[in-house]
Amino acid sequence: MEKMKKITIAIINWNGIDWLKKTLPNIIKYSKEAEIALVDNNSSDKSVSYTKKNFKKIKIINHKNNYGFAKGYNKAISKIKSKYILLLNNDVLVTKNWLKPLIKFLESNENFAVVQPKIKDLNNKKYFEYSGAAGGFIDFFGIPFCRGRIGDKLEKDSGQYNDSSAIFWGSGSCLLIKLNTFKKIGGFDENFFMHHEEIDLCWRIQGIGKKIGYCSKSTIYHYGGGTLTKKNYKKTFYNHRNNLLMLFKNLKISELILVLINRFLIDILISFYYLIK
């Protein structure tokens with residue numbers, strides 16, 4: 001009987017066959033320590049048949065509907081038995097020795113339950129990538145941001161974030177989580193469907209006394225927008241709706257009122273920005 005792997009890499013997918021052709025060989029090559037599972041949200045583009053034919057060691061978790069990121073992962077993770085679960089987007093290229101530093105980080109830091117690697121731009125590998133970069137935080141207005149980018153402008157990686165540190169949230173594009181902690185807090189909030197669910201998850205994990213980490217010794221390259229492009233209206237809708245949902249869930253009433261008063265003008269300006277674009 002094959003020994004159970006300590007870590008399972010769960011790759012969420014919906015009609016991403018073109019990405020799977022590019023990224024699965026790379027993931028398999030550099031992830032010998034892990035079991036790999038494709039979590040498919042009822043794709044219609046032969047993603048599943050392609051994976052079964054070409055990568056027989058990959059476990060297939062095939063959903064009957066498109067459950068999105070949150071419910072799609074929740075349903076899949078309920079079937080996985082590992083100490084760690086690594087959530088990975090299908091448009092990510094990993095690098096040699098990317099897994100060991102992440103595992104070592106969690107095993108060496110008992111108070112941490114989640115860690116993300118350094119996330120760089122697959123389109124321009126000298127720069128950080130928008131979604132996650134060198135670790136996520138949240139400002140006074142409840143708006144998430146990352147080290148490695150200012151607004152939409154990405155920073156060049158010059159070693160300025162070559163640390164390992166605590167952050168507020170890690171990117172769902174590549175996130176290693178202790179499975180017992182994930183289950184303890186009830187997994188992702190399925191009301192989010194997609195976007196901000198990982199920030200909400202990290203917020204709730206900190207609520208039970210655990211920390212979120214960033215490990216610069218591990219690097220991956222993320223395309224970003226592999227399933228939904230940045231211009232897709234659904235991405236814009238879920239980003240803004242879920243941000244407000246997250247604030248309603250996690251802030252005290254007094255804090256929420258103060259944030260919403262200040263956010264009113266900001267959201268109007270953002271709305272005009274999108275209308276102009």
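**Exercise 1. Determine which residues of helix H6 are buried.**

*Solution.* Glu197, Glu198, Ile199, Asp200, Leu201, Cys202, Trp203, Arg204 and Ile205 are the buried residues of H6; buried means under 20% relative accessible area, computed with a 1.4 Å probe on protein chains only. Helices here are DSSP runs of H or I with at least four residues, strands are runs of E with at least two, and both are numbered from the N terminus. H6 spans residues 197–207, and 9 of its 11 residues are buried, so that the helix is mostly covered. Just after H6, Gly209 adopts a positive phi of about 90°.

The model is predicted: local features need pLDDT of at least 70, side-chain atom pairs count only at pLDDT 80 or more, and totals for chains, interfaces and linings use all residues. Residues are numbered from 1 along each chain as its sequence is written, and side-chain values use heavy atoms, with hydrogens and water left out.

**Exercise 2. Locate Phe168 and list the residues that it touches.**

*Solution.* Phe168 sits in the loop between strand S11 (164–167) and strand S12 (174–178). Its relative accessible area is 18%, and Phe168 is therefore buried. Leaving aside residues up to four places away in sequence, Phe168 touches Gly136, Phe137, Ile138, Cys202, Trp203, Gln206 and Ile212, where contact means heavy atoms within 4.5 Å. Of these partners, Cys202 and Trp203 are among the buried residues of H6.

**Exercise 3. Establish which residues of helix H2 are buried and where they lie around its axis.**

*Solution.* In H2 (residues 47–54), the buried residues include Ser47, Val48, Tyr50 and Thr51. They lie on the same side of H2 because they cover an arc of only 165° around the axis, the arc being that of the directions from the helix axis to the C-beta atoms. Their cover includes strand S1 (7–13), helix H1 (17–29), strand S2 (34–40) and strand S3 (59–62).

**Exercise 4. Describe the packing of H1 against H2.**

*Solution.* The two axes, lines fitted to C-alpha atoms over the stretch in contact, with angles from 0 to 180 degrees between N-to-C directions, come within 9 Å and cross at roughly 25°. H1 and H2 are therefore roughly parallel, a term for angles under 35 degrees. From H1, Ile17, Leu20, Lys21 and Leu24 meet Ser47, Tyr50 and Thr51 of H2. The contact comprises 4 nonpolar, 2 polar and 1 charged residues; Ala, Val, Leu, Ile, Met, Phe, Trp, Tyr, Cys and Pro count as nonpolar, Asp, Glu, Lys and Arg as charged, and the others, Gly among them, as polar.

Conventions
Buried < 20%, exposed > 50% of the residue type's maximum accessible area, 1.4 Å probe, protein only. Parallel < 35°, antiparallel > 145°, perpendicular 65-115°, else oblique.
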